[in-house]
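Reader: I have a structure open and some questions about its side chains and its sheet. Can we go through them one at a time?

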Amino acid sequence: MPRRRARTFLRTSDGVRIDAVYEPGSGRDPVFVLAHGFTGDADRPHVRRIAATLARHGAVVTFSFRGHGASGGRSTVGDREVLDLAAAVGWARAFGHARVVTVGFSMGGSVVLRHAALYREDDVARPDAVVSVSAPARWFYRGTAPMRRLHWLVTRPAGRVVGRYGFRTRIHHRDWDPVPLSPVEAVPRIAPAPLLVVHGDSDGYFPVDHPRMLADAAGDHGELWLEPGMGHAEHAAGEDLLDRIGDWAVARVG
């Protein structure tokens, strides 16, 4: 396995160029493929911090979803992003790693769930374990003020201008057609890969009924960590939690 950092552009199955980074980390299995949240990218400090912590437990691949950072295309806010993750997982396996763990946050948390359900029969693109942090259970949720602001950002022309210039995120103007499989519908299809659902009880975007729905749908192959005092996604994930996630993954696939 390589001992040096590598960076390249991957090509998704629908032709989008995706910026991706490989870090050898500890140099052993597993390799963690990190799926960031909406408006993140591979170079954001919070993404690099998470990658650095997970690198204590294995190698790490980070990438920027379409419409984010240096990647091409436009964000579809969790729909076509499964193709980006599939390309990143395939690249991770190309380095010789036998076990791949996908770890997603918020939008990325929903993407890792759908990706695992859709690619479970694909020997190259499938994950061996899945960690979903701060993810929604269902689409079109507007029950909190942050989610109402996010929907304005995504659905209104003025919001997409703010997304492009304020958050460096290029958002597609088209509605979903068809509406993709929801996270809670995807979860039962992930087995036999083990699933960890992580959520903060102080999450301002998605209340705790979301992770509970996901855990209930997972049944015996899933595990729920409801973290006291934790907020939303990458910014709320402390080093101790990330180390526990790394230990969980190594124990399941190592």
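Reader: Which residue forms a salt bridge with Asp84, and how far apart are the closest N and O atoms?
Author: This is a predicted model. Asp84 sits in helix α2 (residues 81-94), and its partner lies in the loop between β4 (59-63) and α2, 18 residues apart. The partner is Arg66, and the closest N and O atoms are 2.7 Å apart.

Reader: Is Asp84 buried or exposed?
Author: Buried means under 20% relative accessible area. Asp84 has 0% relative accessibility, so Asp84 counts as buried.

Reader: And Arg66, buried or exposed?
Author: The same cut-off of under 20% applies. Arg66 has a relative accessible area of 4%, so Arg66 is buried.

Reader: Which residues are linked with Arg66 in a network of salt bridges?
Author: Arg66 pairs with Asp84. The network also takes in two further names, and the full set linked with Arg66 is Asp14, Arg80 and Asp84.

Reader: What separates Arg244 and Asp240 along helix α9?
Author: Their side chains meet in a salt bridge, 3.2 Å from N to O. Both residues belong to helix α9 (residues 239-253). They are four residues apart there, so the separation is about one helical turn.

Reader: Is Asp240 buried or exposed?
Author: Exposed means over 50% relative accessible area, and partly exposed lies between that and the buried cut-off. Its partner Arg244, at 29%, counts as partly exposed. Asp240 has a relative accessible area of 53%, so Asp240 is exposed.

Reader: How many salt bridges does the count come to?
Author: Another of the pairs is Asp41 with Arg44, at 3.3 Å between the closest N and O atoms. Asp41 and Arg44 are both buried. The count comes to 20 salt bridges.

Reader: Now the sheet. Which strands stand at the edges?
Author: The sheet is open, with eight strands and mixed pairing. Its order is β1-β2-β4-β3-β5-β6-β7-β8. An edge strand has a single partner, so one side is left without a neighbour in the sheet. The edge strands are β1 (6-11) and β8 (222-227).

Reader: What is the bridge partner of Val33 in β5?
Author: Strand β3 (residues 31-35) and strand β5 (residues 100-105) run parallel. Five bridges join them. In β5, Val33 has as its partner Thr102.

Reader: At what angle does helix α7 run to β8?
Author: Helix α7 (residues 209-218) lies across β7 (195-200) and β8. Helix α9 also lies across these strands, at about 170 degrees to β8. For α7, the angle to β8 is about 160 degrees.

Reader: Within what arc do the buried residues of α7 fall?
Author: The buried residues in α7 are His210, Pro211, Leu214, Ala215 and Ala218. They line one face of the helix, because seen down the axis they fall within an arc of 130 degrees.

Reader: What covers that face of buried residues in α7?
Author: Some of the cover comes from strands of the sheet, namely β7 and β8. Helices contribute too, including α3 (107-118) and α6 (183-186).

Reader: Last one. What angle lies between the planes of Tyr22 and Phe95?
Author: Tyr22 is in strand β2 (residues 17-23) and Phe95 in the loop between α2 and β5, 73 residues apart. Both are buried, and with Trp91 they form one aromatic cluster. The Tyr22 and Phe95 rings are stacked, 3.8 Å centre to centre, and the angle between the planes is 10 degrees.

Notes
Residues are numbered from 1 along each chain as its sequence is written. This is a predicted model: local features need pLDDT of at least 70, side-chain atom pairs count only at pLDDT 80 or more; totals for chains, interfaces and linings use all residues. Side-chain values use heavy atoms; hydrogens and water are left out. A salt bridge is a side-chain nitrogen of Lys or Arg within 4 Å of a carboxyl oxygen of Asp or Glu. Buried means under 20% relative accessible area, exposed over 50%, partly exposed in between (1.4 Å probe, protein chains only). Helices (H or I, at least four residues) and strands (E, at least two) are DSSP runs, numbered from the N terminus. Two strands pair if DSSP finds at least two bridges between them. Contact means heavy atoms within 4.5 Å. Axes are lines fitted to C-alpha atoms, for helices over the stretch in contact, and angles run from 0 to 180 degrees between N-to-C directions. The arc is that of the directions from the helix axis to the C-beta atoms. Rings of Phe, Tyr and Trp (its six-membered ring) pair if their centres lie within 6.5 Å; planes under 30 degrees apart count as stacked, over 60 as edge-to-face and the rest as tilted.
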